[in-house]
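Q: Please take a close look at one loop glycine, and then follow the surroundings inward to a buried charge and a buried helix. What does each of them touch?

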Amino acid sequence: MLKLIGKTTSINVRKVLWTLAETGLPYERLEWQPEHAALNPNGLVPVLVDGDFVLWESNSICRYLCGKAGRDDLLPAEPQARARVEQWMDWQATDLNASWRYAFMALVRQSPAFADSGQVAASADAWNRNVGILDRHLADGGPFAVGGQFTVADIVLGLSLNRWLMTPIGHPRFAAIEAYVELLLERPAYREFGRNGIA
């Protein structure tokens, strides 16, 4: 059986939990223990163990699970369709995540290392600009990230939007984002692992 290591409050673990729910793959979740440190050189969660195979990086784990389950609807096999899904997954992991880090660490985690109000404001502005990029994309080609079909890209984006909505910054009105979140809320796994009161 698959083993997923990581706590359920982690945004990246919750991506994997949502993907597991969508694929129906059986798994066991384990809390991080000191002996697990050897499994990921970064010392971070999630970590997936599938027999002798160990994988870290949440988006990579989500891709792997879609492939293992044979879910071409979540991650297409056709190269161009797959690239569209992976494009938005990579954008989430790079541009979007980089923009929110300072504001989130200051306002939600309340870390003393992130106490510069100017940098908080700049991070919030960058975060809103990136959400605006997604809003315009959804307005032009939605309702999901790659058009009419739910994919694994929507899992990683859905978790990020939940964090955006729960962080106390000014939130511009983005009609397509609002409609997108409502659409995601129709999925039980998003209600359980995404929009569940945890940023």
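**From a loop glycine to the interior**

A: Leaving out neighbours within four places in sequence, Gly148 makes contact with Gly142 and Pro143. The model is predicted. Gly148 sits in the loop that runs between helix H4 (117-141) and helix H5 (152-166). This glycine counts as exposed because its relative accessible area is 70%, where the cut-off is over 50%.

Arg14, by contrast, is buried. Arg14 belongs to helix H1, residues 11-23. Despite being buried, Arg14 has no salt bridge: the nearest side chain of opposite charge is that of Glu192, 10 Å away, whereas a salt bridge needs the charged atoms within 4 Å. What Arg14 does have is a polar contact of 3.4 Å between its side chain and that of Asn196. Asn196 is also one of the residues that Arg14 touches beyond four places in sequence; the others are Thr8, Thr9, Leu159, Asn162, Phe193, Gly194, Ile198 and Ala199.

Helices H1 and H5 come up again around helix H2, as both are among the elements covering its buried residues. Helix H2 spans residues 58-68, and its buried residues are Ser58, Asn59, Ile61, Cys62, Arg63, Leu65 and Cys66. In an α-helix, residues three or four places apart point the same way, because there are 3.6 residues a turn. The cover over the buried residues of H2 also includes strand E1 (2-5), strand E3 (47-50), strand E4 (53-56) and helix H3 (79-107). After H2 comes Gly70, with a positive phi near 65 degrees.

Terms used: Residues are numbered from 1 along each chain as its sequence is written. This is a predicted model: local features need pLDDT of at least 70, side-chain atom pairs count only at pLDDT 80 or more; totals for chains, interfaces and linings use all residues. Side-chain values use heavy atoms; hydrogens and water are left out. Helices (H or I, at least four residues) and strands (E, at least two) are DSSP runs, numbered from the N terminus. Buried means under 20% relative accessible area, exposed over 50%, partly exposed in between (1.4 Å probe, protein chains only). Lys and Arg count as positive and Asp and Glu as negative; His and the chain ends are not counted. A polar contact is a pair of N or O atoms within 3.5 Å; within protein, one must be able to donate a hydrogen and the other to accept it, and residues adjacent in sequence count only if both atoms are side-chain atoms. Contact means heavy atoms within 4.5 Å.
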